[in-house]
Structure formats: structure tokens, C-alpha cells
Amino acid sequence: MKAIGLEKLHYFTHLYGRFGIKVLYSDGDIRNNDGNILRGQFDVAIMVNEKLKYFEQHNPEFFKNVSEVVVDELGIISEKTRDLSWK
């Protein structure tokens with residue numbers, strides 16, 4: 001999942017960065033953009049599923065200004081080994 005996320009980060013940054021679109025990434029290891037993502041200071045945020053849960057739990061209004069969510073590998077959300085239960 002992380003490899004796919006990083007690939008998408010580079011793709012979207014290359015594609016949209018020149019237009020001033022702010023593309024950020026976060027996963028369990030790469031957290032340097034977490035503050036900006038929590039504050040909604042992004043145009044496109046790419047993250048692993050667990051980080052989406054983290055941001056929603058730490059900022060209940062996280063989705064207030066989000067216009068679209070794209071989830072890849074939706075089928076794995078129901079796997080018992082993943083803790084994706086929402087509040």
C-alpha cells in the first residue's frame with residue numbers, strides 16, 4: 001500500500017504541482033505532512049487507510065471540506081487483521 005501511495009504522490013505532484021496544487025502524503029512512517037493534513041491545508045492528500053481513520057478521529061470536522069474520497073483496495077477493509085473501525 002505504501003509503495004502505491006508514494007507512486008501516486010510522485011505522479012500527482014508531477015502532474016498538478018506546476019499548477020500550484022498542493023499534494024501531500026502520509027502513512028505510518030512518513031508523518032511530516034500530518035499537521036497540514038489535519039488542518040486541511042492540502043488540495044490532494046494521499047494516505048493509507050489507517051491514516052484516514054487517524055485524521056478523522058483527531059479532527060472530527062476533517063471531512064467538512066473534503067469533496068471527494070477515493071479508496072483503493074476497498075475489499076481489504078473487511079479483513080479481520082485490519083483495525084479500521086470508526087468511532
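The protein chain has a mean pLDDT of 85, and 83% of its residues reach 70 or more. pLDDT is the predictor's confidence in each residue, on a scale from 0 to 100. This is a predicted model, in which local features need pLDDT of at least 70, side-chain atom pairs count only at pLDDT 80 or more, and totals for chains, interfaces and linings use all residues. Residues are numbered from 1 along each chain as its sequence is written, and side-chain values use heavy atoms, with hydrogens and water left out.

**Layout and confidence**

The protein chain holds three helices and two strands. Both kinds of element are DSSP runs numbered from the N terminus: helices are H or I with at least four residues, strands are E with at least two. Along the sequence the pattern reads α-β-α-β-α. Confidence is highest in strand 1 (residues 23-26), at a mean of 96. It is lowest in helix 3 (residues 49-58), at 88. Where pLDDT is low, the predicted coordinates should not be read in detail.

Of the 87 residues in the protein chain, 24% are buried. Buried means under 20% relative accessible area, exposed means over 50%, and partly exposed lies in between (1.4 Å probe, protein chains only). Leucine 9 is one buried residue, with a relative accessible area of 16%. Leucine 9 sits in helix 1. Its C-alpha atom is 9.3 Å from that of methionine 47, although the two are 38 residues apart along the chain.

**Salt bridges**

The whole structure contains three salt bridges. Each is a side-chain nitrogen of Lys or Arg within 4 Å of a carboxyl oxygen of Asp or Glu.

| Salt bridge | N to O distance |
|---|---|
| Aspartate 29 and lysine 2 | 2.6 Å |
| Lysine 51 and aspartate 34 | 2.7 Å |
| Lysine 64 and glutamate 61 | 3.7 Å |

Take the bridge between aspartate 29 and lysine 2. Aspartate 29 lies in the loop between strand 1 and helix 2 (34-38) and lysine 2 in helix 1, so the bridge ties together parts 27 residues apart in sequence. Their C-alpha atoms are 9.3 Å apart in space. Aspartate 29 is exposed, at 58% relative accessibility. Lysine 2 is partly exposed, at 36%.

Now the bridge between lysine 51 and aspartate 34. This pair also links distant parts of the chain, with lysine 51 in helix 3 and aspartate 34 in helix 2, 17 residues apart. Both residues are buried. In the remaining bridge, lysine 64 meets glutamate 61. Lysine 64 is exposed, with a relative accessible area of 63%.

**Aromatic rings**

A search of the whole structure finds six aromatic pairs. Rings of Phe, Tyr and Trp (its six-membered ring) pair if their centres lie within 6.5 Å; planes under 30 degrees apart count as stacked, over 60 as edge-to-face and the rest as tilted. Phenylalanine 12 and tyrosine 16 form a stacked pair, 5.8 Å centre to centre with 10° between the planes. They are four residues apart in helix 1 (residues 2-16), so about one helical turn separates them. Phenylalanine 12 is partly exposed, at 24% relative accessible area. Tyrosine 16 is partly exposed too, at 30%.

Phenylalanine 55 and phenylalanine 62 are also stacked, because their ring centres are 5.7 Å apart and their planes stand at 20°. Both of these phenylalanines are buried. They belong to a cluster in which ring pairs link Phe42, Tyr54, Phe55, Phe62 and Phe63.

**Charges over rings**

A charge sits over a ring if NZ of Lys or CZ of Arg is within 6 Å of the ring centre and within 35 degrees of the ring normal. Lysine 51 lies over the face of tyrosine 54, at 5.0 Å from the ring centre. Lysine 51 thus has two partners: the ring of tyrosine 54 and the side chain of aspartate 34. In helix 1, the charged end of lysine 8 sits over the ring of tyrosine 11, 5.8 Å from its centre.

**A nonpolar patch**

Phe63, Val69 and Val71 make a nonpolar surface patch of about 220 Å². Patch residues have over 30% relative accessible area and no salt bridge; like charges are joined within 9 Å, and nonpolar side chains (Val, Leu, Ile, Met, Phe, Trp, Tyr) within 5 Å. Accessible areas come from the Shrake-Rupley method with a 1.4 Å probe, and for residues only the protein chains shown count as cover. Valine 71 is in the segment after helix 3. It is partly exposed, at 37% relative accessibility.
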